[in-house]
Structure formats: structure tokens, C-alpha cells
Amino acid sequence: MLKSLIMIKECFSMSLSNIRSNKMRSFLTVLGILIGVTAVIALITTVSGFSGTLSSSFLRMGAGTLTVSVSGSDLKSGLTAEDLAGLTALDEVEGVTPTVSLRSRVSRGGEYKTNVSISGKNAYYFYRNDTAVSRGRAIHPTDESSSTFVCLINQDIVNELFFGVDPIGENMYIDGIPFLVVGILADDAGESISNIMSGSAAILIPYTTALKMNNSSDVTNFTVYLAEGADSEAASARIEEAMDVMFSFEDDCFTITSMSSIEDTMNDMLSMVSSLLAGIASIALVVGGIGIMNMMLTTVTERTVEIGLKKALGAIPWQIQIQFLIESFLLSMIGGLAGVVLGLILSFILCQVMGSAFVISTGAILLGVSFSAAVGIIFGWAPARKASRLNPIDALRAM
Amino acid sequence: MSDAEFFRMTDVNKFYPMGEEQAHILKNVNLRIEAGEYLSVLGPSGSGKSTLMNIIGCLDTATSGKYVLEGQEIEELTEVELAQIRSGKIGFIFQNSQLLPRLTAQKNVEMPLIYAGVPPRERKRRAGEMLERVGLSDRIHHYPNQLSGGQQQRVAIARALVGNPSILLADEPTGALDQKTGRQVMALFQELNREGRTIVMITHDMNIAACARRVVHIIDGELTEGGEAKDA
């Protein structure tokens, strides 16, 4: 055992000197492994950085919320204000904000704009999105209860209808009805998930007013804000239960989407894409392995005399085999380690460019290193075996 | 002839496949050597002398016949056991010294000890001693291409001796050397033999063969006793 260790240690230094003495050839040989590992590391690190960034922005947008969209049954097409109040009363629910969408022509004086997206919201929406209003006031609960004709407009509408005028306190027409402008929306007011889903609205009005304009009393889209610490699965189940009652247990009347389920799907897709890409990149590793095998076979032929000599000096076949195996292992590891470093540098640059977080994935590094070690051993096996089986007589005759 | 027998070959035949036919390389060779002998096998190229040396050195086995080395029957051994015999009992010296070019003289000499699993410190000491023995203590860290032909051959001799083998097997040890250096190497051989080392040397050069105490001739695979050579 000790004797083997002594010999193996010596094999490492002999292999290193062999690799060093043929720098150019060794470099070209490890290039395949290097490229393969670089690609695998860069892909995994970049994708995991990207998905980290993605899920943190998901978290920011919609952690602790559920989105419900109602298709309705023949008897009941949506939820009434009382239904919403019933949902709000659930333990798991902190609040509900309906979204009533419509598109309409807006005008002021001689200026007009058609097909403007308008969204009805409640006061609670502004309570939760306190950065939504850049100037003026939000929609109040009284606006909601008495369906007042007030609106908040975004910068586009300000520019088109209120050129040179302070819009707050002014009137404008939505679908021919006069509305009082009470506030200006912040540019990034659309960061909430319901806005992402329905497209950012240019004008916000009380949802009760929007319902009236739609000639309906039913809300078909709303966002549920969960109580702090509430589990989104459990809450989803409770809401489903409550809504089943509202819809008299008819099937397929509504769908509840949680952010985490969307995020899960997204992550599944990302990891699928990344493993697919890594799979493609690992083809480079196999090609690299074949390169190493080819080089090792050449080396064995070149060193026929050396092998014969070593056998004459008392080397046992497995000692010859392990020596060549160590050499191909080292070659492959050199390529692999260089690939890890290069891959990390590359993914660092990529993450900077894409603006996502750069996180060193130990899993990816381990994968790259162990993969290259495996490639070295697997593809070095046949040449090493060939070397160990060389007949010493034939090997010596070559000298 | 009362000394201890070192090895004995009885009716050894060796065939090599040559295309369709079997070439008969060694024909009923009988050879017996005692410990401490200095024998040279003299023969022209193609006479089978290298094959004979390979069989003596346990690099090859006979097709038929019996070869007993220090009481051990060689035919029955596995490849690994043959390697162990080479490692423990036999020191090879080749025509072109056959040093590994990327290793220093010292590392070259250490090589057999590496495969025998000798720890580094002891390896270093023994290699140093052997290089001193062949008069190269000032060339320990030189690489083969920094050494003259004679020096290289002396490194090879040190390498053959470092494992303290029972027999030194030399194949044309002076083949690549000029006359003067060749004579120096021969002088070293005689010295080693006087110290009790068994030596078998293969050569085609009658003058070199004459340095040994006993000469056998090999022609076309047949061995004939050449009688006692002069004790040089």
C-alpha cells in the first residue's frame, strides 16, 4: 500500500514534467476540455444568477398576493362588492383590490385620445402601492362608496391633454362623462403584478365608477393581499372554498394564480433550459476527452521504448497503467480547472452585462471539476491499458 | 565447478511467428552459470543472442525447455511475478544507455527503486552511492544530454546496480562508445565482477567478449562453449 503511494506520488511529478515538456501539444489537447468546462460553468452560473434576479423581482412584485380571474357561470358573472367584502373578512386575507378594465376615448377642450386603457381600483390598492401617486391624492374610500367621478392620470395623458396646465383640479372627459383630475400617477406605478398582467393603465378611477361605466356590477379580476405570515397555498384553498359557495359550486368559474406558482413554473423552465444548454456544452467535454485519448495514444506509441525500459527495470503492468492514467487525469484536470476560472470570469462579465446577480455556484464548479476528472480517467483508460500491455521485448526492440 | 549454481537452462527453444512460419530462434540451448561468474555471449547480429538475453532477464519466456533462476522455475510465473523478479534480481544495461531524457542522472538511477516502492530518502541515498560508485558523484544533477556517452553508460550501470541485483545483464554495453570509453566501462565490469557480481554480457565484438572470464558462442540459435577466456 505504502509502496504504491510512493510510486503514485512519483508518477504525478513525472507526468507533470511530461506535460510541461510538450507545452504546445498539451495546451492544444486540453483545449477541448477547457472550452467544455468553460461553457458549462458560464452557462450554469449565468442562468442561476439570472433566475435569482428574476425570482427576487417576482418577490418584489407579488410576494404575498394571489390573482383571481373570474369567468363566471350562467347565473353569476362576477363578484359583487359584498362578495369582495366577504373575501376580505377571511383570516388569511388582508385586503382585496379589484381591477375593472375598460378602454375609452378621453378628451379635454379640443384635444382627445382614443382607446385609452382605464382601470378601476379601490382605495386599498393605493394603500398597498403607496408610491403609485406622484402628486395629488389617491382614491379615497368615499370615492369608492359613492362612485365619484375622479381620476388619476399618468404622464402621457398629462402631456397630451394638459399641455402647459396643471391638471390637478381640472376636468377632463372620459367617454363623454366629466371627471375631476385629483392626482398624477408615478411613472413606475405599474410594478404590481395585476398591472403586469393586464397592462399598465393610463388612467385610474374608482372601481365602482368603472363598473357603472361598464354597465355591470360584477368584478371579474382582483388581487388578494394575504395577511402577514399566511401560507399562499392555504389561503388559496380558503379563497377557493369561499368562492365555490358564491358560485354555487359550479365548476370552472374562476382561477386563482399565486405568484409562487408562476415563479415555480418560471424556475422549472429556466432549469430545463440551463440543463439543456449544459448538455449541449458537455458535448464539447466529450470531444475534449476524445482529444485527450488521441494524444495519449500517440504518447504511448512515442514512448514505447520508455515503457519497455521501465518494464525491464521491474515495473509491473499496473504501475505503467497508473502512470499513463495519472497523466491523462492531470491533463484533463488542468483543462478543467482553467475552464472553471475562465467560465467564472465569463459569467461574471455576462452577469454584469445583463445586470443580474453574480453568484458563484459551488455545484457548477464541482460538476466541472468532477466531469473533467472523469473524462481524463475514462478516456485515458484505453491508452493506459494499451501501454501496460505492451510486450517489453517488442517495446525494447524499437530502440 | 563446485560453486553454487546461479541459473540453468535446459533444452531451451524459442520460436517466433514470422508471417506464416515459425522462426526457430533458439535451438536446444543448454547453459549453466554459477554465482559470481562473468560470462559473455558472442555472436553476430541475428544469431539469437538478444532473445537469449531476454529469456535470462525474464523479459521473455522460452517456448519449450526449462529455465531455473536461483532455484525458481521461470516458465510458470505470471507477468507480475516476472516483473518482480526483474525488479529484485536483474540489472539491465542496454546499448544506448537508455536514460530518460527529462530526468536527472540521480532520478534515472532512482527509477528501479521507484517501482520497487523504496521511500524517497532511501532512494536518494542509494542512487547517490551508486553514482559515486561509478565515479559520477559530481554529475548527480545533470541531465543525460549534459553527459558524455561514457558518462551516460555509467549512469545506466549505476541504475542497473541500484536495486542490488543478483545478476547484471548487459546488451552490447560498449556498442555506442568509442574504444577508450569502452575500455573504461569494461574495466568497471571487471571490478564489479571481482566484487562478486554475476555478469552476463552479450556482444558481437570479440575483443569485448574477451574481457569476460568465460565466453560462449551463439550462431544461428545454437550455443557452443568457447572455453575459459583469459583472466584479464
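Here are some questions and answers about the contact between chains A and B and the salt bridges in this predicted model.

Reader: How many residues does chain B put into the contact with chain A?
Author: Both chains take part here, so let's take them in turn, counting heavy atoms within 4.5 Å as contact. Chain A gives 28 residues. From chain B the number is 28 residues.

Reader: What is the area buried between chain B and chain A?
Author: An interface's size is often quoted as the accessible area lost when the parts come together. Carbon and sulfur atoms give 66% of that area in this pair of chains. The total buried between chain B and chain A is about 2600 Å².

Reader: Which residue of chain B meets A:Glu10 in a salt bridge?
Author: There are three salt bridges between chain B and chain A. One of the pairs has A:Glu10 on its chain A side, with N to O at 2.3 Å. The partner from chain B is B:Lys107.

Reader: Which elements give two or more residues to the side of chain B that touches chain A?
Author: That side of chain B divides into 15 nonpolar, six polar and seven charged residues. As for the elements giving two or more residues, they are helix H2 (79-89) and helix H3 (105-116) of chain B.

Reader: Which residues are linked with A:Glu10 in a network of salt bridges?
Author: Start inside chain B, where B:Glu110 and B:Arg123 form a salt bridge with the closest N and O atoms 3.0 Å apart. That pair joins helix H3 to helix H4 (residues 120-133) of chain B, 13 residues apart. Add the bridge from A:Glu10 to B:Lys107, and the residues linked with A:Glu10 are B:Lys107, B:Glu110 and B:Arg123.

Reader: Is B:Glu110 buried or exposed?
Author: The cut-off for buried is under 20% relative accessible area. B:Arg123, its salt-bridge partner, falls in that class. B:Glu110 is likewise buried.

Reader: How many residues apart are B:Glu5 and B:Arg32?
Author: These two form a salt bridge, with the closest N and O atoms 3.1 Å apart. B:Glu5 sits in strand E1 (residues 5-18) and B:Arg32 in strand E2 (residues 21-34) of chain B, so the pair links distant parts of the chain. Along the chain they are 27 residues apart.

Reader: Why does B:Glu34 count as buried, while B:Arg32 is partly exposed?
Author: The two side chains meet in a salt bridge at 2.6 Å, N to O. B:Arg32 counts as partly exposed because its relative accessibility is 27%, and buried means under 20%. B:Glu34 is buried because its relative accessible area is 6%.

Methods. Residues numbered from 1 in each chain as written. Chains lettered and ligands numbered in written order. Predicted model: local features only at pLDDT ≥ 70, side-chain atom pairs only at ≥ 80, totals over all residues. Heavy atoms only, no water. Buried area = accessible area lost by both parts, 1.4 Å probe. Salt bridge = Lys/Arg side-chain N within 4 Å of Asp/Glu carboxyl O. Helix = DSSP H or I, 4+ residues; strand = E, 2+ residues; numbered from the N terminus. Nonpolar A, V, L, I, M, F, W, Y, C, P; charged D, E, K, R; others polar. Buried < 20%, exposed > 50% of the residue type's maximum accessible area, 1.4 Å probe, protein only.
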